[in-house]
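This report looks at the surroundings of a ligand, at a pocket and at two backbone positions. Please keep the sequence and the model in view while reading.

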Amino acid sequence: MIGAGHAGLAMSRCLAERGIDHVVLERGLVANSWRTERWESLRLLTPNWQSRLPGYDYEGNDPDGYRNMPEVVAFIDRYAKVIAAPVELQTRVTSVRQSDTGFVVETTRGSWQCRAVVLASGACNLPAVPVVAEAVPPQISTVTSFGYRNPAQLPEGGVLVVGASATGIQLADEIHRSGRPVTIAVGEHIRAPRVYRGKDIEWWMDAAGILDERYDAVDDINRARRVPSLQLTGSDTRLTLDLNGLSAIGVRMVGRLAGMQGSKVLFSGSLRNQCALSDLKMNRLLNTIDEWAANNGLDREVEAASRLPPTQVEAEPPLQLELVGSGIGSIVWATGYRPDYSWLHVDVLDRKGSIRHDGGVVSTPGMYVMGLQFLRRRKSALIDGAGADAHDLSDHLLRFLHDGAVVG
Ligand SMILES: Cc1cc2nc3c(=O)[nH]c(=O)nc-3n(C[C@H](O)[C@H](O)[C@H](O)COP(=O)(O)OP(=O)(O)OC[C@H]3O[C@@H](n4cnc5c(N)ncnc54)[C@H](O)[C@@H]3O)c2cc1C
């Protein structure tokens, strides 16, 4: 197993249950990503009850709360101890190659031979930044959501936040409140109320089976794997943070960042459409929830159905912004993340650098992957999704070890 995040640990627990001898190689400490790669104010956007791992449910007295980073680290750390996962810490994998008997895994602490390998090294190892970032004038300081920790890191003055999914709106809100006027460039995003009809939106999606939807049951799985995360935030007040909320505190919205022309940033004219589409997708999700509630006799038990007002967009949002001299001192790229497979020397990557796999079963026999977006289910990249995927894939891996071949 490569990686001791929650996905690697869930798989470790399932392999142990099946009597499969294994080791988990981790370049840092358990839950390394949560310790070293997240901003300080981040809280999970999934409620506490929803972080269920094999043999390990939430037992505290705040099931509807949202963990902060130290709490997430403590939770995953405790899980590694409870399941007595065989983790080798501070062991960075530097190369994985095929051999006659399986795989050779080179690390900073020696080499390992194995018949099967599970890549649980994470989907968010590097920031995904558009190429246009290279054209930003050197006077403007830039940071990605990967390197961002808090607003004090940014120079005084205006900030352009690029991206309006969960990360972008949270950072825009925090930075604007620090006294640095924010402009947010809005691309594809999906708006969602934090609480709907008195219950957390995640509760509804879980109960209605939306998060359990399988990868082989959706029309276009490649598209489904690229859909951005819901525009949500975790807070004590269970606040819905959306573009209307940001506008209300003075954040300025512009369209998707389309390019640079000298020191000018160009925005697409699609802001109104992007917002209308996002409202539409949100309302479609809420329609599905309402239908499910009606069919399951919940209508009388929960609050009445309602809809948020449409996203307000100014009549003529600017299509360009002069960076130098306009008061913008920095750009925050909240444009997503990507995995790092630079150490993987097995022919399993497509031309975009994504792993070729069928629900986590990689195209090279004996290799598996965990923790990717919509790997086997809509919830696969969530903490709550690792259990079911690890269960399925460890069954497959067991059959592979017995039969010496890939079986369905
Ligand atoms: C900003 C952000 C917010 C999120 N919020 C939520 C949320 O609210 N709820 C939720 O359920 N999920 C959330 N997620 C999604 C998801 O839980 C994370 O992506 C999660 O970290 C993925 O778990 P993982 O175990 O697959 O990967 P990771 O937690 O990234 O674990 C991978 C491990 O592999 C190790 N590793 C990587 N490369 C090597 C190597 N070469 N050698 C050895 N070890 C290596 C890393 O050090 C790391 O410990 C969030 C993700 C991000 C980025």
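## Polar contacts of the ligand

An oxygen atom of the ligand lies 3.0 Å from a backbone N or O atom of Ala7, a polar contact in the sense of a pair of N or O atoms within 3.5 Å (within protein, one must be able to donate a hydrogen and the other to accept it, and residues adjacent in sequence count only if both atoms are side-chain atoms). A nitrogen atom of the ligand is 2.8 Å from a backbone N or O atom of Val93, and a nitrogen atom of the ligand is also 3.5 Å from an N or O atom in the side chain of Trp343. The protein covers 94% of the 980 Å² of accessible area that the ligand has on its own, the areas being computed by the Shrake-Rupley method with a 1.4 Å probe, and for residues only the protein chains shown count as cover.

This is a predicted model, in which local features need pLDDT of at least 70 and side-chain atom pairs count only at pLDDT 80 or more, whereas totals for chains, interfaces and linings use all residues. Residues are numbered from 1 along each chain as its sequence is written, and side-chain values use heavy atoms, with hydrogens and water left out.

## The shell around the ligand

Around the ligand there are 31 residues, of which Glu26, Ser33, Leu45, Thr46 and Ile383 come nearest; a residue is near if one of its heavy atoms lies within 4 Å. By class, the shell has 17 nonpolar, 10 polar and four charged residues, where Ala, Val, Leu, Ile, Met, Phe, Trp, Tyr, Cys and Pro count as nonpolar, Asp, Glu, Lys and Arg as charged, and the others, Gly among them, as polar.

Both α1 (6-17) and α2 (32-36) supply at least two residues of this shell, and α2 gives the most, with three residues. Helices (H or I, at least four residues) and strands (E, at least two) are DSSP runs, numbered from the N terminus.

## Two positive phi angles

Most residues other than glycine have a negative phi. Ala84, however, has a positive phi of about 50° and sits in the loop between α3 (69-82) and β2 (87-88), where Ala84 is exposed, with a relative accessible area of 57%. Arg238 has a positive phi of about 55°; this residue belongs to the loop between β14 (230-231) and α7 (243-248) and is partly exposed at 27% relative accessibility. Buried means under 20% relative accessible area, exposed over 50%, and partly exposed in between (1.4 Å probe, protein chains only).
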